Each structure stands twice: as structure tokens, then as C-alpha cells.
Amino acid sequence: MNRSSQVKRHVSHVRSYFSYCPRCAGRLEWRQPRIEAPYQRCTACGYSMFNNPIGATEAIIIRNGKMLVMRRTRQPRKGYWDSPGGFMDGFETPEHGVIREVREETGLTFKPKRLIGVYVNDQYRYHDRNVPVIVVTFLGSASGRLKHTEEASAYAWRPLRSIRHMAFRYQLKVIRDVRRLP
Ligand SMILES: [Zn+2]
């Protein structure tokens, strides 16, 4: 993809993010740096709103060759199979974030064993835009009893090779990467 189509694609993602400065309600203008992505800047106070990714975590939990998946009860991608995980809070570490999310969503105690990778989720729809999300994905073990929570309408253990669809396409890459782990 060339530079100008990259910029266009990015702008179409971020266009109509915000109408006013969240700090002073001043007028926003688009800025186009030479190399970085375009961003909005307040003409009154100078506050800049960069389109940086939001940090999230994901847990791949495998027991007897089967991976834990849960059916989403919320948008985006409500009704799709997902793995436990979610957005990080403030300054918590990815390890703390993933342990907290697994506990919230499944009642299980997650122990991250290894980092599978860091992925980009470009399909997270929030209001009228795709929010850029960067996902730190761990493989680990989980102890305790699976507890049903309002985060999922169903839970299932699935053989990795049988998983064809997940809520977000990057997750199929995660599964391929897990299957290739030595
Ligand atoms: Zn402002």
C-alpha cells in the first residue's frame, strides 16, 4: 500500500471521531505530519488527540488439547466465540490485566506461562469507528472451577484444529501460532 492510500485509509477510520476538544471544547483541526498518521489538534488549547492503539490482553487456556472459548454477550461481535481477555486498566501490566480478566469472565485463576505474541485487532467497532487495539496474548494454565458470568452466554472447550471462526480475525492467527509452538 502506498503512503497516500495508507493515509486515506487511516483518516477514514478516524474521521468524525470527535467534534470538539475533550479538554476545553475548542475547535479541532486535522494535522498531517510528514511521516506519522494524521491526528486532531485543538485550535484553542493545543491538545492533540493521537490515534494510538488501546492495550488489551487475551488468554489461551488449553486443557486436554482443547481451548476454552466463550460466546460474547456484548457488542462488538455479540454472539461470536471469543477467548477470555479484555482491555487493560490504567497502568496495570499485561500479566495483571489478563489474570484479572480471566477471573472476571470465567472465575478461573489464570497463570500466564508464555507470551504467544502481540497482535493488532483492526475490527473492534466502538460507536461509529474501528478502535485500534493491540492485544498481548498469553498461553497459560487455569485452575479452579469455571463459573458462568454475564460476560458469556456459553462456554466450550474446543480442539484447536476445529476452530474456524472467532470474534476477530486476528484470533485465527493466534490459534495458528499456538499450534506451531514447539
Ligand atoms: Zn482544547
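## Exercises on a two-domain chain

An open sheet of 3 strands has antiparallel pairing and the order 1-2-3. Strands here are DSSP runs (E, at least two residues) and helices are too (H or I, at least four residues), both numbered from the N terminus; two strands pair if DSSP finds at least two bridges between them.

You're working with a predicted model, where local features need pLDDT of at least 70, side-chain atom pairs count only at pLDDT 80 or more, and totals for chains, interfaces and linings use all residues. Residue numbers start from 1 along each chain as its sequence is written.

**Exercise 1. Which strands stand at the edges of the 1-2-3 sheet?**

Step 1: start from the order, which is 1-2-3. Step 2: look for strands with a single partner; strand 1 (28-31) and strand 3 (48-49) each have one, so one side of each is left without a neighbour in the sheet. Step 3: check a pairing. Strand 1 and strand 2 (residues 39-42) are joined by 4 bridges in the antiparallel sense, and in strand 2 Tyr 39 is the bridge partner of Arg 31.

**Exercise 2. Lay out the whole chain: how many helices and strands does it have, and how is it divided into domains?**

Step 1: count the elements, and you get 3 helices and 10 strands. Step 2: read them along the sequence, which gives α-β-β-β-β-β-β-β-α-β-β-β-α. Step 3: split the chain. An automatic or database domain assignment supplies the bounds, and they are 3-49 for domain 1 and 54-180 for domain 2. Step 4: put some lengths on it. The C-alpha centres of the two domains lie 31 Å apart, and the C-alpha atoms of the chain fill a box of roughly 55 × 35 × 30 Å along the principal axes.

**Exercise 3. Is Thr 57 buried or exposed, and which residues does it touch?**

Step 1: fix the scale. With C-beta atoms placed from the backbone, a residue is buried if 20 or more other C-beta atoms lie within 10 Å of its own, exposed if 12 or fewer, and partly exposed in between. Step 2: apply it. Thr 57, found in strand 4, counts as buried because it has 27 C-beta neighbours inside 10 Å. Step 3: list contacts (C-beta atoms, placed from the backbone, within 7 Å). Leaving out residues up to four places away in sequence, Thr 57 touches Gly 85, Gly 86, Met 88, Pro 94, Gly 97, Val 98, Glu 101, Val 135 and Val 136. Step 4: look back along the chain. Cys 45 is 12 residues from Thr 57 in sequence, and their C-alpha atoms are separated by 34 Å.

**Exercise 4. Which residues touch the most other members of the largest nonpolar core?**

Step 1: define the set. A nonpolar core is made of buried Ala, Val, Leu, Ile, Met, Phe, Trp, Tyr and Cys residues joined through C-beta atoms within 7 Å. Step 2: rank its 20 residues by the members they touch, and Ala 59, Ile 60, Ile 61, Val 98, Val 102, Phe 110 and Phe 138 come out on top. Step 3: find the sources. Strand 4 (54-63), strand 5 (66-72), helix 2 (94-106), strand 8 (109-126) and strand 9 (129-143) each give two or more residues, and the largest share, 4 residues, is from strand 5. Step 4: zoom in on Ala 59, whose contacts beyond four places in sequence include Val 98, Val 102, Phe 110 and Phe 138.

**Exercise 5. Which residues of helix 2 are buried, and what do they pack against?**

Step 1: check the geometry. The 13 residues of helix 2 reach 18 Å from first to last C-alpha, close to the expected 18 Å, where the expected span is 1.5 Å times one less than the number of residues. Step 2: pick out the buried residues: Pro 94, Gly 97, Val 98, Ile 99, Glu 101, Val 102, Glu 105 and Thr 106. Step 3: their packing partners are strand 4, strand 5, strand 7 (85-87), strand 8, strand 9 and strand 10. Step 4: see what follows helix 2, namely Gly 107, with a positive phi near 80°.

**Exercise 6. How many residues of strand 10 are buried?**

Step 1: take strand 10 (residues 152-159); 0 of its 8 residues are buried. Step 2: find its pairing. Strand 10 runs antiparallel to strand 5, with 6 bridges joining them, and Tyr 155 in strand 10 stands opposite Met 70.

**Exercise 7. Where does the backbone do something unusual around Pro 76 and Arg 77?**

Step 1: recall the baseline. Most residues other than glycine have a negative phi, and most peptide bonds are trans. Step 2: inspect the loop between strand 5 and strand 6 (81-82), which holds Pro 76. The peptide bond joining Gln 75 and Pro 76 is cis, with omega about 0°. Step 3: Arg 77, in that loop too, has a positive phi of about 60°. With 15 C-beta neighbours inside 10 Å, Arg 77 is partly exposed.

How values were computed: Contact = placed C-beta atoms within 7 Å.
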